[in-house]
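Q: I have a model open and want to go through it piece by piece. Can we start with the strands and then move on to the rings?

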Amino acid sequence: MIIGGIFLKYHVSGKHFFTSESVTEGHPDKVCDQISDGIYDEMLKQDPDAHAGIECFCTTGLVLVGGEAKTKAYVNIQDTVRTVLRKIGYDKQEYGFCADDVGVIVTLHEQSEDIAQGVEEGRGEFKEQGAGDQGLMFGYATNETPEFMPLPITLAHKLTQKLSEVRKKKILPYLRPDGKSQVTIEYDGEKVVRIDTVVIAAHHSADIDLEQLRADIKEKVILPICGQWIDDQTKYFINSTGRFVIGGPPADAGLTGRKIIVDTYGGVGAHGGGAFSGKCITKVDRSGAYYARYAAKNIVAAGLADKCEVQVAYAIGVAKPVSILVNTFGTNKVSEEKIVEVVQKVFDFRPKQIVDQLNLKRPIYLKTAAYGHFGRNDPDFTWENTDKIQVLRKECGLN
């Protein structure tokens, strides 16, 4: 295992702005992510050792499910697709995309044996369970918010969740499933100053007055979430094209894995490029990124640094990472060399150990597929646990 030294990235000083976006569960790409993870969850319910790489495409009147799988489970994919769509809210023909009549085409095939032998214990060139693919993953954490997430993406997710809430509870009954948010934060150095701009795109029925919609969204969605940081100079762009009646897959085709920045840290920190949804936990694109977040969050929660980014990289079929790098951006509270030493001692980045430590062989992934995989207060999101605080502090001589 190679543990790199900590390096300092470029810092923006003085007044500056940073923007992140989120999308609702009815956004076409998120529809596909949820279908992919919904199918994987159904496999896990019957077969905790299921392997899968499930991709989805959707457009007007059509869902195409493809990819690979190796499982003892039988999953009725047609039913699963329609169940996911109903849960999201695509249940009316007037939306142009309806769970009851959308066409579903399935082209799943068996996982390649060449890959399977590298990720199953006791097979392949290395007998230890190896990584399901090569690649590099990043985890990030900051003490900027209670969630240990950057504020822009945290607020963007809360806005899209609120859009869905007021739709499903019929507080704003004219809303439809699709939607997006965007939040621009003004910083002074590392300090949050205010919200500069909020952007909302809310999918709606044809009979609602635009100005009424804008007033409702501001009152029922934006102010409850963002009020603490808003001032009289904050700018609002709510349905700024003037109309958003045609939405969801009829307006824009969706694909699994196309919202990787929404899924992670909103553009703060780096991203290895791999998507999460539809991938089983032998694929380190997913499990490695979860574990890197786990390590980074515990480092920050333990007070070793104000922010932290962890990179891990793997070779396919090999358990031991080819490299691990810890970066605290110069915010470390103990020596950088000590943090590197402790990370190597406390965290085990081998794929089987990741799965065991985080208890990942459970059907929990559908709910990860909208509103971000990180910063969520949900006991099933074990990579959000901060159970390494005491051991990290002890190893660093802080207890």
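Q: Which residue in β5 does L64 stand opposite?

A: L64 stands opposite I105. Keep in mind that this is a predicted model.

Q: How many bridges join β4 to β5, and do they run parallel or antiparallel?

A: Eight bridges join β4 to β5, and the two strands run parallel.

Q: And what about β3 and β4?

A: β3 and β4 run antiparallel, with nine bridges between them. One of the paired positions is C56, whose bridge partner in β4 is V65. The two strands form a hairpin with two residues between them. In that turn, G61 has a positive phi of about 70 degrees.

Q: What is the order of the strands in the open sheet?

A: The order is β5-β4-β3-β10, four strands with mixed pairing. β5 (103–110) and β10 (254–255) are the edge strands, each pairing on one side only.

Q: How many bridges join β3 to β10?

A: Two, and β3 (residues 51–59) runs antiparallel to β10. F57 has L255 as its bridge partner in β10.

Q: Switching to packing. Which residues have the most contacts inside the largest nonpolar core?

A: I35, V63, L85 and F349, in a core of 78 residues. Helix α7 supplies the largest share of this core, with 10 residues.

Q: What does I35 touch?

A: Setting aside residues up to four places away in sequence, I35 touches C56, V63, V65, V81, V84 and L85. C56 and V65 are also bridge partners, with V65 in β4.

Q: Which residues does the second, separate core include?

A: That core has 25 residues, including Y174, I185, V198 and A202.

Q: Back to α7. How many of its residues are buried?

A: 17 of its 18, so the definition of buried, under 20% relative accessible area, fits nearly the whole helix. α7 covers residues 284–301 and reaches 24 Å from its first C-alpha to its last, close to the 26 Å expected at 1.5 Å a residue. Just after the helix, G303 takes a positive phi of about 80 degrees.

Q: Now the rings. How many aromatic pairs does the count come to?

A: The count comes to 15 aromatic pairs. In one of them, Y90 and F97 have ring centres 5.5 Å apart and planes at 90 degrees, so the pair is edge-to-face. Both Y90 and F97 are buried.

Q: What are the distance and angle for Y140 and F329?

A: They are 6.1 Å centre to centre, with 70 degrees between the planes, and this pair is edge-to-face. The pair links distant parts of the chain, 189 residues apart. Y140 is in strand β6 (residues 135–142), while F329 is in the loop between β12 (323–327) and α8 (336–346).

Q: Are those two buried or exposed?

A: Y140 is buried, because its relative accessible area is 4%. F329 is buried as well, at 9%.

Q: What sits over the ring of F329?

A: The charged end of K307, 5.9 Å from the ring centre.

Q: Which residues form the aromatic cluster?

A: Y140, Y265, F276, Y290, F329, F374, F381 and W383 form one cluster.

Q: What does T368 touch?

A: Not counting residues up to four places away in sequence, T368 touches D37, R286, Y290, H373, R376, F381 and W383. Y290, F381 and W383 are among the members of the aromatic cluster.

Q: Where does T368 lie, and why is it called buried?

A: T368 lies in the loop between α9 and α10. It is called buried because its relative accessible area is 0%. T368 and D37 are 331 residues apart along the chain, with 8.3 Å between their C-alpha atoms.

Q: And G372, what is that in contact with?

A: Leaving aside neighbours within four places in sequence, G372 is in contact with H157, V262, D263 and F381. G372 lies in the loop between α9 (351–358) and α10 (389–395). At 1% relative accessibility, G372 counts as buried. G372 and V262 are 110 residues apart in sequence and 6.3 Å apart in space, C-alpha to C-alpha.

Q: Last one: where is T80 found?

A: T80 is in helix α2 (residues 77–88). T80 counts as buried at 11% relative accessibility. Apart from neighbours within four places in sequence, T80 is in contact with G38, I39, E42 and V75.

Note on methods
Residues are numbered from 1 along each chain as its sequence is written. This is a predicted model: local features need pLDDT of at least 70, side-chain atom pairs count only at pLDDT 80 or more; totals for chains, interfaces and linings use all residues. Side-chain values use heavy atoms; hydrogens and water are left out. Buried means under 20% relative accessible area, exposed over 50%, partly exposed in between (1.4 Å probe, protein chains only). Contact means heavy atoms within 4.5 Å. Rings of Phe, Tyr and Trp (its six-membered ring) pair if their centres lie within 6.5 Å; planes under 30 degrees apart count as stacked, over 60 as edge-to-face and the rest as tilted. A charge sits over a ring if NZ of Lys or CZ of Arg is within 6 Å of the ring centre and within 35 degrees of the ring normal. The expected span of a helix is 1.5 Å times one less than its number of residues. A nonpolar core is a set of buried Ala, Val, Leu, Ile, Met, Phe, Trp, Tyr and Cys residues joined through side-chain atoms within 4.5 Å. Two strands pair if DSSP finds at least two bridges between them.
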